[in-house]
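Colleague: I'm new to reading structures, and I'd love a close look at one kind of side-chain pairing. Could you take me through it slowly?

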Amino acid sequence: MDDVSRTPAARPALPVLPVLQADCANCFALCCVALPFAKSNDFAVNKPAGTPCKNLREDFRCGIHTRLRDSGFQGCTVFDCFGAGQQVSQVTFGGRDWRTDPGTARRMFDVFPVMRQLHELLFYVAEALTLPDAAPVHAQLRDALAETEEWTRADAESLADLDVGALRQKINTLLLKTSELVRAKVPGRKKNHRGADLMGARLSGADLRGANLRGAYLIAADLSRADLRTADLIGADLRDTNLRDADLRNAVFLTQPQLNAAQGNPTTRIPPTLTHPTHWT
């Protein structure tokens, strides 16, 4: 038999992904205009969608960027578009901005939230593909990655018509399977707190290895010194969660915005792909 015939088919190369971190210098301040916010602990004022924040300067920069927390805009320091802002600004609209080309404004503001969801999905799928225990679903994840990446290059009209909810549902099935495969390797019985109301819960020092915390409300919970290795944290609300001295190494689907919303310290252990927020002391 010819040796060539025994050579396995080459695995399709993964697509080159757009940058999945915000690059504000190449964005037309879309998060400061397109999105609404309500007066609360996170924002000092109300602002409707499509209206520029009062702190936005003519050069698309924030006038109080270095004083956001002290000025009552903590929510701005937590938000991350996963790179959707510059993708919409520079790719979808080819560098045309909503100030000098106001005809683009409404469509640009409509497309931005869709693109953010696509970039968030890319972030999760890309992470899942780095997890060896998820190998049984890697082929499906690669297909999902390619499909989602292709959507990020679509024109504004196509993006506006995209049923992003259906895409999220399809990919979420794969992410759930990924989570199950990864957490199954953790010995012992794993805690299931999916979607649980754990606001203010006292969980200091808790063993939460391999726990299911998907969508859990952990606002102001005390997770100091907790062991969260290999815990699934996708969609968990970590606003003001105490993560001081906690161990989040290998936590599954943990994002930078979640860390930005929490409270921690330099000895909080986090995945190497993420960074300690500047307000952690």
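Colleague: Which side chain meets that of Asp 59 in a salt bridge, and at what distance from N to O?

Modeller: Happy to! This is a predicted model, where local features need pLDDT of at least 70 and side-chain atom pairs count only at pLDDT 80 or more, while totals for chains, interfaces and linings use all residues. Residues are numbered from 1 along each chain as its sequence is written, and side-chain values use heavy atoms, leaving out hydrogens and water.

The partner of Asp 59 is Arg 57, and the N to O distance in their salt bridge is 2.9 Å (a side-chain nitrogen of Lys or Arg within 4 Å of a carboxyl oxygen of Asp or Glu). Now see how open each partner is. Asp 59 has a relative accessible area of 38%, so it is partly exposed (buried is under 20%, exposed over 50%, partly exposed in between, with a 1.4 Å probe and protein chains only). Arg 57 comes out at 39%, so it is partly exposed too.

That pair is one of the 16 salt bridges that a search of the whole structure finds. Let's visit another one. Glu 120 and Arg 168 bring their side chains together in a salt bridge at 3.4 Å, N to O. This pair links distant parts of the chain, as Glu 120 sits in helix α3 and Arg 168 in helix α6, 48 residues apart (helices are DSSP runs of H or I, at least four residues, and strands are E runs of at least two, numbered from the N terminus). On your screen, α3 covers 105–128 and α6 covers 164–183. The two partners fall into separate accessibility classes: Glu 120 is at 14%, so it counts as buried, whereas Arg 168 is at 27%, so it counts as partly exposed.

Next, go along the chain to Asp 207 and Arg 209, whose side chains meet in a salt bridge at 2.8 Å, N to O. Asp 207 has a relative accessibility of 38%, so it is partly exposed. Arg 209, at 36%, is therefore partly exposed as well. Here the story widens, since Asp 207 and Arg 209 belong to a network of salt bridges. Its other members are Asp 227, Arg 229, Asp 247, Arg 249 and Arg 269. Try selecting these residues together to follow the network.

While you are in this part of the chain, two backbone details deserve a click. Ala 220 has phi near 60 degrees, which is positive although the residue is not glycine. Arg 225 is another non-glycine residue with a positive phi, about 65 degrees. Ala 220 lies in the loop between α6 and α7, and α7 covers 256–261. Arg 225 is found in the loop between α6 and α7 too. Ala 220 is at 46% relative accessibility, so it counts as partly exposed, while Arg 225 reaches 54% and so counts as exposed.

Finally, zoom out to see where these pairs sit. The secondary structure of the protein consists of 7 helices and 0 strands, and from the N terminus the order reads α-α-α-α-α-α-α. Along its principal axes, the C-alpha trace spans about 65 × 60 × 30 Å. Of the 281 residues, 48% count as buried, and Glu 120 in helix α3 is a buried residue you have already met.
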